[in-house]
Amino acid sequence: MASISYRTQGVCARNIDIETKGDTIESVRFHGGCDGNLKAIGILVKGKKIDEVVSLLEGNTCGLKPTSCGDQLARALKTIES
C-alpha cells in the first residue's frame, strides 16, 4: 500500500491524501473545499484504476478557474504513476 499527501494549487481544497494498492485507488480524502462533493469523489473513485480516474478528471475546471479539485486529484495521481 502506498500513501501520498498532495498539496493542491488554485482550488478551495488545500490538500489531498491518497492511498493506493498497486494501480488501484484505495482511498481519497480532500481537506477543505466543498465537503459533500469531495467526499462523493472519494467514494466514486475507490476501487478504480489510477489511469481510469486520471482520464475522467484531468482537465476538468471549476467556474473560471483553470483547474478543479477533480483535476488536482488527476494531477496527484499522475505523480504516483510516474
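In this short talk I will go through the largest pocket of this predicted model, then two helices, and then a few single residues.

Before the details, a word on how to read the values: this is a predicted model, in which local features need pLDDT of at least 70 and side-chain atom pairs count only at pLDDT 80 or more, while totals for chains, interfaces and linings use all residues. Residues are numbered from 1 along each chain as its sequence is written, and side-chain values use heavy atoms, with hydrogens and water left out.

Let me begin with the pocket. Rolling a probe the size of a water molecule over the atoms shows where empty space is left. Here a pocket is an open set of points, on a 1 Å grid over the protein atoms alone, where a 1.4 Å probe fits and where protein lies on both sides within 12 Å along at least five of seven lines; a lining residue has an atom within 4 Å of a point. The largest pocket has a volume of about 220 Å³, the volume being the space filled by probe spheres set on the points, which are joined across faces, edges and corners. Its lining consists of 15 residues, and those nearest the centre are C34, L38, C62, S68 and C69. By class the lining of this pocket holds eight nonpolar, six polar and one charged residues, where Ala, Val, Leu, Ile, Met, Phe, Trp, Tyr, Cys and Pro count as nonpolar, Asp, Glu, Lys and Arg as charged, and the others, Gly among them, as polar.

Which helix gives the most to this lining? Helix 1 does, with three residues, and both helix 1 (35–45) and helix 3 (69–81) supply at least two. When I say helix I mean a DSSP run of H or I with at least four residues, and a strand is a run of E with at least two, each numbered from the N terminus.

S68, one of the residues nearest the pocket centre, sits in the loop between helix 2 (50–57) and helix 3. Is S68 buried or exposed? S68 counts as buried, because its relative accessibility is 4%; the cut-offs are under 20% relative accessible area for buried, over 50% for exposed, and partly exposed in between, with a 1.4 Å probe and protein chains only. A polar atom of the S68 side chain lies 3.3 Å from the backbone nitrogen of G70 and a polar atom of that side chain lies 3.1 Å from the backbone nitrogen of D71. Leaving out residues up to four places away in sequence, S68 touches V11, N60, T61 and C62, contact meaning heavy atoms within 4.5 Å.

Turning to helix 1, its buried residues are L38, G42 and V45. Seen down the axis, these fall within an arc of 80°, so they line one face of the helix; the arc is that of the directions from the helix axis to the C-beta atoms. The face turned away from that buried side carries the exposed residues N37, K39, I43 and L44. Just after helix 1, G47 takes a positive phi of about 85°.

In helix 2, I50, V53, V54 and L57 are buried. They cover an arc of only 100° around the axis, which puts them on the same side of helix 2, whereas S55 and L56 are exposed on the other side. S55 has a relative accessibility of 57%, and its side chain reaches the backbone oxygen of E52 at 2.9 Å. For L56 the relative accessible area is 62%. Just after this helix, G59 takes a positive phi of about 90°.

What joins the side chains of K78 and E58? A polar contact of 2.6 Å does, that is, a pair of N or O atoms within 3.5 Å, of which, within protein, one must be able to donate a hydrogen and the other to accept it, and residues adjacent in sequence count only if both atoms are side-chain atoms. K78 lies in helix 3 and is partly exposed at 37% relative accessibility. Beyond four places in sequence, K78 touches V54 and E58.

Finally, H31 is found in strand 3 (residues 24–31). H31 is buried, with a relative accessible area of 18%, and, its neighbours within four places in sequence aside, it is in contact with A13, R14, N15 and D17.
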